[in-house]
Amino acid sequence: MRDGRTFVVGGLEISTRLLSVILLAGVLAVLLVPNLYAWWRQEQELRDITAHVQAAQERNDEMKQELDLWQNPDYIASQARERLGYVKPGETQFTVVDPGEDYQDEAQIAAAQAQGPTRPWVQVVAILLKEADSPRESTPVPGADAGQSDGSG
């Protein structure tokens with residue numbers, strides 16, 4: 001300690017004022033940091049509760065609108081028709097049932113071939129084009145004269 005106002009620590013000269021300011025800042029940090037954390041946490045809780053209350057108020061408004069709908073006799077009748085299948089006297093009710101994704105019409109199943117083609121379609125087309133390009137020997141057409149089919153005539 002030199003002249004009562006400074007300390008020498010490891011070759012570093014520190015004044016007593018600086019040391020007291022550092023100690024005061026440390027004490028304030030120890031006292032304030034937990035309080036600041038608690039304040040921040042309470043702010044978060046307040047925001048969460050406010051959001052929850054707002055969502056509850058919106059749900060309450062929706063429920064009030066739905067309650068108002070149930071006061072209307074036309075709405076009650078439409079809900080009875082839709083939910084319970086009620087009909088007025090003289091009306092006929094039709095129900096359409098969705099068979100689901102796996103449903104196939106029996107006609108489609110019956111019309112389907114049991115096995116696919118033995119050759120790819122490209123190969124079939126190539127064979128047919130080759131047959132169309134090569135002339136065949138004349139064959140008699142049923143119901144036609146034999147004299148007309150040989151080309152002499």
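V8 stands opposite E13 in β2, and that pairing is a good place to enter this predicted model. The two strands involved are β1, covering residues 6-9, and β2, covering residues 12-15. They run antiparallel to each other and are joined over four bridges. Together β1 and β2 make a hairpin, with two residues left between them. One of the turn residues, G10, has a positive phi of about 60°.

**The overall layout**

With the hairpin in view, the rest of the chain is easy to place. The protein contains two strands and five helices, and read from the N terminus the order of elements is β-β-α-α-α-α-α. How much of the protein is buried? Of the 153 residues, buried ones make up 3%. The accessible surface of the protein amounts to about 14,600 Å², and carbon and sulfur atoms account for 58% of that area.

**A nonpolar patch and helix α1**

Helix α1 spans residues 16-69, and L36 is found in it. L36 counts as exposed because its relative accessibility is 52%, where exposed means over 50%. L36 also belongs to a nonpolar patch on the surface. Its partners there are L24, V27, L28, L31, L32, Y37, W39 and W40. Taken together, the patch residues have about 970 Å² of accessible area.

**Salt bridges**

Which charged side chains meet? Searching the whole structure gives two salt bridges, and the table sets them side by side.

| Salt bridge | N to O distance |
|---|---|
| R59 and E62 | 3.8 Å |
| R81 and E91 | 3.0 Å |

Begin with R59 and E62, whose side chains meet at 3.8 Å, N to O. Both residues sit in helix α1, and because they are three residues apart, about one helical turn separates them. R59 has a relative accessible area of 46%, so it is partly exposed. E62 is likewise described as partly exposed, at 45% relative accessibility.

The other bridge joins R81 to E91, with 3.0 Å between the closest N and O atoms. Here R81 lies in helix α2 (residues 73-84), while E91 is in the loop between α2 and α3 (106-111), so the pair ties together parts that are ten residues apart in sequence. As for exposure, R81 counts as partly exposed at 33% relative accessibility, and E91 counts as partly exposed at 35%.

**Aromatic pairs**

How many aromatic pairs does a search of the whole structure find? The search finds two. One aromatic pair is formed by W70 and Y75. A pair of aromatic rings is described by the distance of the centres and the angle of the planes. For W70 and Y75 the centres are 5.1 Å apart and the planes make an angle of 80°. That geometry is edge-to-face because the angle of 80° is over the cut-off of 60 degrees. W70 itself is partly exposed, with 31% relative accessible area.

**A loop serine**

Further along the chain comes S134. Where does S134 lie? S134 is in the loop between α4 (121-133) and α5 (146-149). Its side chain reaches the backbone oxygen of E131 at a distance of 3.4 Å. Is S134 buried, exposed or partly exposed? With a relative accessible area of 39%, S134 is partly exposed, because that class lies between the 20% limit for buried and the 50% limit for exposed.

Note on methods. Residues are numbered from 1 along each chain as its sequence is written. This is a predicted model: local features need pLDDT of at least 70, side-chain atom pairs count only at pLDDT 80 or more; totals for chains, interfaces and linings use all residues. Side-chain values use heavy atoms; hydrogens and water are left out. Buried means under 20% relative accessible area, exposed over 50%, partly exposed in between (1.4 Å probe, protein chains only). A polar contact is a pair of N or O atoms within 3.5 Å; within protein, one must be able to donate a hydrogen and the other to accept it, and residues adjacent in sequence count only if both atoms are side-chain atoms. Patches are made of residues with over 30% relative accessible area and no salt bridge: like charges are joined within 9 Å, nonpolar side chains (Val, Leu, Ile, Met, Phe, Trp, Tyr) within 5 Å. Accessible areas come from the Shrake-Rupley method with a 1.4 Å probe; for residues, only the protein chains shown count as cover. A salt bridge is a side-chain nitrogen of Lys or Arg within 4 Å of a carboxyl oxygen of Asp or Glu. Rings of Phe, Tyr and Trp (its six-membered ring) pair if their centres lie within 6.5 Å; planes under 30 degrees apart count as stacked, over 60 as edge-to-face and the rest as tilted. Two strands pair if DSSP finds at least two bridges between them.
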